[in-house]
Amino acid sequence: MIAAALSAAVLTAAETTGEPDGTALLLPALYDVFWSTVILVAIAFAFYKFVLPKFQAVLDERTALIQGGIAKAESAQAEAAIALAAYHQQLQEARTEAARIREDARAEGGQILTEHRTKANEEAARLVETAHKQIEAERQQASVSLRADVGALATQLASKIVGESLEDSARQSRVVDRFLDELEASTTTNASKGN
């Protein structure tokens, strides 16, 4: 059909051998307009039916990829922001926990130090008391030993001076006690005068 139309157009053009006038120069002949429109419609139909859907599919695919990439980037950015916020929260909690642990350690250290000082003071007081008791016991023991030794010496000396035996233990004990009492009284008097 197209071939027939073309041959008819060629025949018509060959028959009109005349020179076109003013407007005919600018406007094509009707058959040219008709056949150009038919060809244009055929090409437009083929383009619309076959080429345009492929272009549209490629463009839709690229649009979907770009939008998917944007959505992935936005979700990744949102996840990163959430992870960063969680990291900052954990960091703040860790700092708070570290400060609390330091304060607890300081308080516990102070308490331990106070306990050790108290125990040391108690131990020192106990040692001083034990030393006082031991000194007092040793003083008592020395006093008893001294009384016995001084008593024996005094008895022997008095026996020699008097010339008779003072072996009676009651008499000996009284003499020794009286002598030591006088000795203590004179030592106390001298000590109070010295101060």
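What separates Glu-136 and Arg-139 in helix 3? Being three residues apart in that helix, the two are separated by about one helical turn. The side chains of Glu-136 and Arg-139 meet in a salt bridge, with an N to O distance of 2.8 Å. Glu-136 counts as partly exposed at 35% relative accessibility, and Arg-139 is likewise partly exposed, with a relative accessible area of 47%. Salt bridges that share partners also join Glu-97, Arg-100 and Asp-104 into one network.

These contacts belong to a predicted model. The protein has a mean pLDDT of 82, and 79% of the residues score at least 70. Confidence varies along the chain: helix 1, which covers residues 2-15, has the lowest mean, at 60, whereas helix 3 has the highest, at 89. The salt bridge between Glu-136 and Arg-139 is thus placed in helix 3, the element with the highest mean confidence.

The secondary structure consists of four helices and zero strands. Along the sequence, the elements follow the pattern α-α-α-α. Helix 3 spans residues 30-162. Of the 195 residues of the protein, 5% count as buried. The exposed area of the protein is about 16,600 Å², of which carbon and sulfur atoms supply 64%.

A search of the whole structure finds six salt bridges. Besides the pair formed by Glu-136 and Arg-139, these include a contact between Arg-126 and Glu-123, whose closest N and O atoms are 2.2 Å apart. Both Arg-126 and Glu-123 lie in helix 3, at a spacing of three residues, or about one turn of the helix. Arg-126 is partly exposed, with a relative accessible area of 43%, and Glu-123 is also partly exposed, at 35%.

Another salt bridge links Lys-133 with Glu-129, and here the closest N and O atoms are 3.3 Å apart. These two residues, both in helix 3, are four residues apart, which again corresponds to about one turn of the helix. The partners fall into separate accessibility classes: Lys-133 counts as exposed because its relative accessibility is 54%, above the 50% cut-off, whereas Glu-129 is partly exposed, with a relative accessible area of 44%.

Aromatic and nonpolar side chains were examined next. The structure holds one aromatic pair. It is formed by Phe-34 and Trp-35, which adopt an edge-to-face arrangement with 4.9 Å centre to centre and 70° between the planes. Phe-34 counts as partly exposed at 47% relative accessibility. Trp-35 is partly exposed as well, with a relative accessible area of 24%; this value places Trp-35 outside the buried class, because that class requires a value under 20%.

A nonpolar patch on the surface is formed by Phe-47, Tyr-48, Phe-50, Val-51, Leu-52 and Phe-55. Together, the residues of this patch have about 620 Å² of accessible area. Tyr-48, one of its members, lies in helix 3 and counts as exposed, at 59% relative accessibility.

One further position in helix 3 is Asp-149. Asp-149 is partly exposed, with a relative accessible area of 46%. The C-alpha atom of Asp-149 is separated by 9.7 Å from that of Val-176, a residue 27 positions away along the chain.

In summary, the predicted model describes a protein of four helices and zero strands, in which 5% of the 195 residues count as buried. Its six salt bridges include pairs set about one turn apart in helix 3, among them Arg-126 with Glu-123 and Lys-133 with Glu-129.

Terms used:
Residues are numbered from 1 along each chain as its sequence is written. This is a predicted model: local features need pLDDT of at least 70, side-chain atom pairs count only at pLDDT 80 or more; totals for chains, interfaces and linings use all residues. Side-chain values use heavy atoms; hydrogens and water are left out. Rings of Phe, Tyr and Trp (its six-membered ring) pair if their centres lie within 6.5 Å; planes under 30 degrees apart count as stacked, over 60 as edge-to-face and the rest as tilted. Buried means under 20% relative accessible area, exposed over 50%, partly exposed in between (1.4 Å probe, protein chains only). Patches are made of residues with over 30% relative accessible area and no salt bridge: like charges are joined within 9 Å, nonpolar side chains (Val, Leu, Ile, Met, Phe, Trp, Tyr) within 5 Å. Accessible areas come from the Shrake-Rupley method with a 1.4 Å probe; for residues, only the protein chains shown count as cover. A salt bridge is a side-chain nitrogen of Lys or Arg within 4 Å of a carboxyl oxygen of Asp or Glu. pLDDT is the predictor's confidence in each residue, from 0 to 100.
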